[in-house]
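Welcome, and thanks for taking a look at this model with us. Have the sequence and the coordinates open side by side, and let us walk through some of its local features together.

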Amino acid sequence: MEYSFPHYLLSKQSVDDRALNKDVLSALKANLPNQPIRVIEVGAGIGTMLRRLMRWRVIQRAEYVLVDWMAENIEYASGWIPQWAKEAGMSVEESGKNQVRVFDETHDVHVKFEQTDVFDFIRKNKEPATLLIAHAFLDLLSIPESLPKLLSLTKGLAWLTVNFDGVTTFEPTIDAALDKQIERMYHKTMDTRPSGGDSKSGRHLFGHLRTVGAEIIAAGASDWVVHAVNGKYLDDEKYFLYFILHFFEEALRGHAELDTDVFVGWMKERRAQIGRGELIYITHQTDFLVRAQAGFFHTKKK
């Protein structure tokens, strides 16, 4: 199988649609000021959150800045966003490769693409957003050091979604002890990344946000739950599951504490379960809507 990260991001749209906490989303809608607004999304991938928020009528008129360090993601986004906008009956105006406007009778969104490291973007950004979005991103960072810098990007609201919180479950069980060992070892790889990371970021964010003086407006679970219906996975969720296993394989291949043949056999059986429509995948995650402390933007960024 060919593994493409943009394809993975496409395949998880329906998974995230279900997972995003609807109470936190309602709080976001209730607290957004009158539009037009400025939105900055960090770790934005290919723009699936923008598409979702426009479909859900959360954003109608805005400047939307997509920040992602992966050139592959930004390149894909710059072609994919105009494509889905046109398919939805919207008009599209492109002004160079880094900007596009998508609009119709109810929407007018100016999209800017920033292919850069998020902390480089923070250092050069001169205008804070009305809303900061970090989706499935904070658990990849050292949160205590990163959070004040990220919050400097907003003059008010931050929607921090799908923050992993230490639970991964595959069903049906292959071997209870082995399943638990693989889960534990995979989570440990999140905690020992050179760039930082936290496999329990969801629960730890409560304390981190309190430490930096951010107000938690709403919080709630945003679990991924993927299973087949009548033997078939919804939309492109079969690919999503194969890619999740690919993450495990990349992280644990050759691990000194894991017998290679046993792990190969485990991977083979999990893939076979997907093929038969049997695999159930559940992860526990947490969403937050917060109001940043006044003056974050004026804090010197290092």
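Two strands are said to pair if DSSP finds at least two bridges between them. With that in mind, Val39 stands opposite Tyr64 in strand 2. Please remember along the way that this is a predicted model.

**Strand 1 and its partner**

Strand 1 covers residues 37-42, and six of its six residues are buried. On one side of the strand point Ile37, Val39 and Glu41, and on the other Arg38, Ile40 and Val42; all are buried. Strand 1 runs parallel to strand 2 (residues 61-68), with six bridges between the two.

**A hairpin**

In which sense do strand 3 and strand 4 pair? Strand 3 (residues 91-94) and strand 4 (residues 99-103) pair in the antiparallel sense, and four bridges link them. Ser91 is found opposite Phe103 in strand 4. The two strands, strand 3 and strand 4, make a hairpin with four residues between them. In its turn, Gly96 has a positive phi of about 80°.

**Backbone features worth a second look**

Most residues other than glycine have a negative phi, and most peptide bonds are trans. Against that background, here are four places to check in your viewer.

| Place | Feature | Value |
|---|---|---|
| Gln35 and Pro36 | cis peptide bond | omega about 20° |
| Glu171 and Pro172 | cis peptide bond | omega about 0° |
| Ala136 | positive phi | phi about 50° |
| Asn230 | positive phi | phi about 55° |

Where do these sit along the chain? Pro36 belongs to the loop between helix 3 (22-31) and strand 1. Pro172 is in the loop between strand 7 (154-171) and helix 8 (176-191). The loop between strand 6 (129-135) and helix 7 (143-151) holds Ala136, while Asn230 lies in the loop between strand 9 (224-226) and helix 10.

Ala136 and Asn230 can also be placed by their accessibility. Ala136 counts as partly exposed because its relative accessibility is 25%. Asn230 has a relative accessibility of 78%, so it counts as exposed.

**The largest pocket**

Rolling a probe the size of a water molecule over the atoms shows where empty space is left. In this model, the largest pocket holds about 1200 Å³ of space. Its lining is made up of 46 residues, and those nearest the centre of the pocket are Phe5, Ala136, Asp139, Leu140 and Arg193. Ala136 is thus a residue to revisit: it has the positive phi of about 50°, and it is among the residues nearest the pocket centre.

What kinds of residues line the largest pocket? The lining divides into 24 nonpolar, 13 polar and nine charged residues. Helix 10 (residues 237-252) gives the largest share of the lining, with five residues.

**Three buried residues**

Let us start with Ser201, which is in helix 9 (residues 201-211). Is Ser201 buried or exposed? Its relative accessibility is 0%, so Ser201 counts as buried. The Ser201 side chain reaches the backbone oxygen of Phe164 at 2.9 Å. Beyond its neighbours within four places in sequence, Ser201 is in contact with Asp139, Ile143, Asn163, Phe164 and Asp165. One of these, Asp139, was named above among the residues nearest the centre of the largest pocket.

Next comes His187, in helix 8. Because its relative accessible area is 9%, His187 is buried. Its side chain makes a polar contact of 2.8 Å with the side chain of Thr168. Once neighbours within four places in sequence are left aside, the contacts of His187 are Phe164, Gly166, Val167, Thr168 and Ser199. Phe164 therefore appears in the contacts of His187 as well as those of Ser201.Finally, Phe248 is in helix 10. Phe248 has a relative accessible area of 1%, so it is buried. Not counting residues up to four places away in sequence, Phe248 touches Thr168, Phe170, Ile182, Tyr186, Arg253 and Phe263. Thr168 is one of the residues touched by Phe248, and its side chain is joined to that of His187 by the polar contact of 2.8 Å. How many residues apart along the chain are Phe248 and Gln293? They are 45 residues apart, and their C-alpha atoms are separated by 38 Å.

Technical notes:
Residues are numbered from 1 along each chain as its sequence is written. This is a predicted model: local features need pLDDT of at least 70, side-chain atom pairs count only at pLDDT 80 or more; totals for chains, interfaces and linings use all residues. Side-chain values use heavy atoms; hydrogens and water are left out. Buried means under 20% relative accessible area, exposed over 50%, partly exposed in between (1.4 Å probe, protein chains only). A polar contact is a pair of N or O atoms within 3.5 Å; within protein, one must be able to donate a hydrogen and the other to accept it, and residues adjacent in sequence count only if both atoms are side-chain atoms. Contact means heavy atoms within 4.5 Å. On a 1 Å grid over the protein atoms alone, a cavity is a set of points where a 1.4 Å probe fits but cannot get out, and a pocket is an open set with protein on both sides within 12 Å along at least five of seven lines; lining residues have an atom within 4 Å of a point. Grid points are joined across faces, edges and corners, and a volume is the space filled by probe spheres set on the points. Ala, Val, Leu, Ile, Met, Phe, Trp, Tyr, Cys and Pro count as nonpolar, Asp, Glu, Lys and Arg as charged, and the others, Gly among them, as polar.
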